[in-house]
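Trainee: Please take me closely through the salt bridges of this model, and then through a charged residue that goes without one.

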Amino acid sequence: MWHQSFGLLGKSYTHDTTGSFLLGKWLHVPLYSVPLCSAVVDVAIQDYVADVASELIYQNRSQISTEVVFVFPLVSHISIYSFQACSEDAKVQALLRDEAQQLHEATGSWENLEYLQKQSDCPGKVFACFLGTLSPGREMVVTLRYVQELPRKPDGAAHFVLAPTLHPHTHLYVCNCLTGKLPYSLLLTASLQSPRGVANVQANFSLTPLLYTAQDRSTAQVSLAGSPPDDKDLELLVYFGEPTAVSAVVEKGDPAAPPGSLLGDPMVLVTLAPSIPEAVPGQRQSGEFIFLPDTTFLEHAQDSLLFLLKCLPLGCYFNIYCYGATSGGIYPQSVEYTQDNLTEAMRRIAPTGPSLGDTDLLETLRSVYNTPCPRGHTRQLFIFMATLPLDKEAIVAEVCRHRNSHRCFSFCFSEDSAALATALARETGGEATYVSSDNTVMAAVLKFLKKALKPAAAGVSLSWTLPRGLEVEVLGGTPQFIFQGQHSLLYAQIHGQAQDATLAKGVMTLQYSLDSQDVTHTIEFPLCPQGDGRLAGHRLAAKCLLQRLLPEAASGSSDEPRRRAVEISLTSGIICPFTSYEGVRTSQRVSWYQGPLALLPPRQSLIPCRIIKLRGLYNASCCHPVTIWVPPDWWLALHRLTHGIAALTQQGASSKACKPPPPPVSSLRNVDYRDIFWCSPTFGSWYTKAFAECQELVALQNVDGSWALSSGLASVLEIDEAEIKGKMPGEATEPSIWATVLAVTWLHRNNECYQDLCELLEAKAVTWLCSRAVSQLDKCLEAANTLLGSSVKPSVFRL
């Protein structure tokens, strides 16, 4: 039996098969690594989309025939659309099939995929294809093509990193000791295109001079010069001319596809990247912050929730939905962040308990989406999951339907809810994390809250002006906001036939609001389709559509989403949970070798070929298996991932000795770590202690950032209230100014770790002080340092 889990939420599909091959014999035969001899890579970059075509030649340099399996690690931004391998005996091609129509019982040796999953020491999703027997001295030629969206750097550059499989560099892949060169050749060529013009290219390796292939410099080409570096990935930064907040590239469709179809009509690749200035910490900010804790979380972390609410900025709106207790919020809809509203909210939360109801997360989310978002405010959800909610597919489908109107930050406290937390964050452009215990939730949420407080372009809209007869369909819709440091890549398809062929340009207008000011950007773009026919934009548009269809298809509410998903997948070559790869072997020559390595019977045409998730855990003593062949760089990538986490932990420990290492990897078993933000280096006993020590002080702070001079404050400072009042400098015009200076000074004096924990609270306090008592602050700080025995610098108060 072969059991595979895949899809957004790990939905399981089980296939029972029988094979003629004796699995037990193969498991006990040591296999040998097949080294890479040469790689030819052709990269086509069109604005922020890349298409990679590669040809890899491997040679069996051992003295015996070797059974080989090709394994290619996948990350969320890479999508394979073509794979084939040729040897002396056969050509193996990976084809997509509708899984509901496949006859898996006709295919033998599926058990080997399960073996591959179990034998791995490292987790992660991979494309795996068993390629058969390779004789001594013979070669295997692998042709692989994939597409990916490219991240946009703050300076506007498109950032491309070559998949490590195409350039393996590792201590396992030993360099020639005499020459210091890698034992394989690499030919890398990059074709660059943008209607804005290609301005410059930078790389972390030697490049040939930039060669323009069009007079308007809209197309160019560069190549690898000399030998590639043997110790790092190959990276390119491509800079385009005339950087603007919006750009558009038109990619021609497939002439063989019918007009009106996904691949048949031209596709516009739209990049939205508004310039958004940094926010000033502590000042008023817009935004709607909705917290969705379950009642189990509230039983143990109500104080943590109060701490987080105190960190919100003035000017925003907030609400709290305690799912598991009631489907409604503390307020019917979000309210302005004021002292009275916060006090009332905490009063209403106090009696909340499991006995108040059993409403699940799905109904709570629907209640949230049914309430209007305050005008000009961006909606962000903080979801806390102590256990896996019911109807996980329906929950993801509901979130996806509203993906353009909000962002989710998800926190899971159990292994089984990690996949759901990741899906909700990924679908809305947010982030997710696993929290090892209730005591460390503050570190996780504060890190994400700081990201949520970044300013955003709100009310984003696109409008189009095209020649008569043409219309535009934005696949998946337009996001309603874009946060600082982010960009949005959209796919819009042009349908119809222009009535006037002489009109060859379109106009696109981007509008949004920034700090209550309306901003408009207009760009004119040529309608004549560009591209070399590789359809990278069309394939990524298909991936975009699939991401929006899959949650609804998985929920089972209708057969139409599944049918449409299968159609898009088979047409574009982009896999989805309802299709799967099938390895088809053709042009086979009969091989008479029937030893224990004869994995594939001579006349078998179907072979194991799937995208699978390796389920093993990292073992520092063994970073690669000896019983399967894989490109060595795959294990290096995982080795770097796990050791990178350890390095970050060590770096954090050296900078702040009070921070411990992260929790064990086993706490996230069967979860793809690359999709989950690892915030554990900020966790630890120090955070629990620091939180407990300053929790009472934070509870006394007003939402505007100030403190009142009270007996409670004196108790926290461990100084007699009368002494505090007696030491108040005459320059302080009101007691709250003196009390606030004392509180901020105490935070800085008492523990360095408080600076991370209370950064947002302190920023509000200092902003409040600067707006009322700039001329008094130096004298107040001097008196506070004397009273507390500290030496806090004036720069803390922006002096």
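Mentor: A salt bridge here is a side-chain nitrogen of Lys or Arg within 4 Å of a carboxyl oxygen of Asp or Glu. The model is predicted, so local features need pLDDT of at least 70 and side-chain atom pairs pLDDT 80 or more, while totals for chains, interfaces and linings use all residues. Numbering runs from 1 along each chain as its sequence is written, and side-chain values use heavy atoms, without hydrogens and water.

By this rule the count comes to 20 salt bridges. One of them joins Glu567 and Arg563, whose side chains meet at 3.1 Å, N to O. Both residues belong to helix α10 (residues 560-572; helices are DSSP runs, H or I, of at least four residues, and strands E runs of at least two, numbered from the N terminus), and they sit four residues apart, about one turn of the helix. Glu567 is partly exposed at 35% relative accessibility (buried is under 20% relative accessible area, exposed over 50%, partly exposed in between, with a 1.4 Å probe and protein chains only), and Arg563, at 45%, is partly exposed as well.

Another salt bridge links distant parts of the chain, since its partners are 492 residues apart: Asp42 lies in strand β3 (residues 36-46), whereas Arg534 lies in the loop between β29 (517-526) and α9 (536-555). The closest N and O atoms of Asp42 and Arg534 are 2.9 Å apart. Here Asp42 counts as partly exposed, with 29% relative accessibility, but Arg534, with 13%, counts as buried.

The side chains of Arg284 and Glu336 meet at 4.0 Å, N to O. Because Arg284 is in the loop between β17 and β18 while Glu336 is in strand β20 (residues 335-336), this pair ties together parts that are 52 residues apart in sequence. Arg284 is exposed, with a relative accessible area of 59%, and Glu336 is partly exposed, with 35%.

Salt bridges can also join into a network, as they do for Glu363, Arg366, Glu398 and Arg401.

The residue without a salt bridge is Asp265, which is buried and has Arg564, 10 Å away, as its nearest side chain of opposite charge (Lys and Arg count as positive, Asp and Glu as negative, with His and the chain ends not counted). Asp265 belongs to the loop between β16 (246-251) and β17 (267-272), and its side chain reaches the backbone nitrogen of Gly260 at 2.9 Å. Leaving aside residues up to four places away in sequence, Asp265 touches Gly253, Pro259, Gly260, Gln493, Ile494, His495 and His538 (contact means heavy atoms within 4.5 Å).

Technical notes:
Polar contact = N/O pair within 3.5 Å; in protein donor to acceptor, adjacent residues only side chain to side chain.
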